[in-house]
Amino acid sequence: MINMTDMSVLPRGLMRLFSLPVAFGFATSLLVALPSYAEEDDSYGECVIDLTDTGVTIDQATASCAGARFPGALGECVVDVSQDTGIGALDALEGCERSRRPDEVADCTIDIHQALLEQPSVSALEHCSRSLLPERYGICVVDLGKENQMTADAALDRCIRAGYRPWTTAPRQ
């Protein structure tokens with residue numbers, strides 16, 4: 001005769017074995033969050049309006065906004081860069097469009113201009129848009145330019161090099 005208590009132990013044991021990883025996986029997936037601008041950044045119309053207000057043609061604006069991952073951030077980047085640095089709207093669009101972090105590209109470019117440059121510099125925008133971490137890159141350029149009395153171009157070139165760390169310029173204490 002088959003003992004029913006022995007058969008119920010096996011499924012209960014398997015349930016315990018599999019329930020913990022499933023619960024842990026679910027809990028972990030709740031911790032993963034998108035960047036704040038990625039959650040609701042589907043403002044294609046606002047992007048087109050921002051770009052055309054800066055002087056970009058409607059054809060260029062619609063093509064750029066349609067191809068953007070975060071169109072609202074792209075439009076804001078172009079507006080901020082062109083207004084705060086004096087860089088032309090088409091140059092700003094090219095730099096902002098190239099980066100996966102257009103908001104950080106704008107901050108990087110504006111910070112470098114305010115701290116180190118007196119004239120608009122497309123070079124600063126190009127370097128910020130090439131960097132994988134534009135915010136950190138901007139901090140590196142500004143700090144090296146101010147602390148080491150480097151020219152802006154020298155700081156831009158020094159910080160964009162892979163593997164460069166500012167603490168190698170002087171002995172660590």
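This passage walks through the nonpolar core, a helix pair, the salt bridges and a few individual residues of a predicted model.

A good place to begin is the interior. The largest nonpolar core is built from 31 residues, and those with the most contacts inside it are L51, L74, V78, V81, I112, Y137 and V141. Several helices take part: α3 (44-53), α4 (58-67), α5 (71-85), α6 (89-98), α7 (102-116), α8 (122-130), α9 and α10 each give two or more residues to this core. The most generous contributor is α9, with 5 residues. In soluble globular proteins, nonpolar side chains tend to be buried together.

L74 offers a helpful view of this core from one position. When its neighbours within four places in sequence are set aside, L74 is in contact with C47, S64, C65, A68, L93, C96, E97 and P102. L74 also takes part in the meeting of α3 with α5, a pair that deserves a description of its own.

The axes of α3 and α5 come within 8 Å of each other and cross at roughly 15°. Because angles under 35 degrees count as roughly parallel, α3 is roughly parallel to α5. The crossing of α3 past α5 is left-handed. On the α3 side, the residues that meet α5 are Y44, C47, D50 and L51. Their counterparts in α5 are P71, L74, G75, E76, V78 and V79. The loop between α2 (36-39) and α3 holds S43, which touches P71 and G72 once residues up to four places away in sequence are left out. S43 counts as buried, because its relative accessibility of 18% falls under the 20% cut-off.

Attention can now move to I110, which is found in helix α7. With a relative accessibility of 9%, I110 is under the 20% limit and therefore counts as buried. Beyond its neighbours within four places in sequence, I110 is in contact with D80, V81, D84 and T85. One of these, V81, is listed among the core residues with the most contacts. I110 and Q83 are separated by 27 residues in sequence, and their C-alpha atoms lie 9.7 Å apart in space.

Charged side chains come next, with a count of 2 salt bridges in the model. In one of them, the side chains of R98 and E94 meet at 3.8 Å, N to O. Both R98 and E94 belong to helix α6, where they are 4 residues apart, about one turn of the helix. R98 is partly exposed at 41% relative accessibility, and E94 is likewise partly exposed at 46%.

R101 and E104 also form a salt bridge, and their closest N and O atoms are 3.5 Å apart. Here the two partners fall into separate classes of exposure: R101 is partly exposed, with a relative accessible area of 23%, whereas E104 is buried, with a relative accessible area of 17%. The dividing value is 20%, so R101 and E104 lie on opposite sides of the limit for burial.

A final stop is Q149, located in the loop between α9 (134-147) and α10 (152-160). The phi angle of Q149 is near 50°, a positive value in a residue other than glycine. Q149 has a relative accessible area of 65%, which is over 50% and therefore counts as exposed. The two helices on either side of this loop, α9 and α10, are both among the elements that give two or more residues to the largest nonpolar core.

Methods. Residues numbered from 1 in each chain as written. Predicted model: local features only at pLDDT ≥ 70, side-chain atom pairs only at ≥ 80, totals over all residues. Heavy atoms only, no water. Buried < 20%, exposed > 50% of the residue type's maximum accessible area, 1.4 Å probe, protein only. Core = buried A, V, L, I, M, F, W, Y, C linked by side-chain atoms within 4.5 Å. Contact = heavy atoms within 4.5 Å. Salt bridge = Lys/Arg side-chain N within 4 Å of Asp/Glu carboxyl O. Axes fitted to C-alpha atoms, helices over the stretch in contact; angles between N-to-C directions. Parallel < 35°, antiparallel > 145°, perpendicular 65-115°, else oblique. Left-handed = near helix turned anticlockwise from the far one by under 90°.
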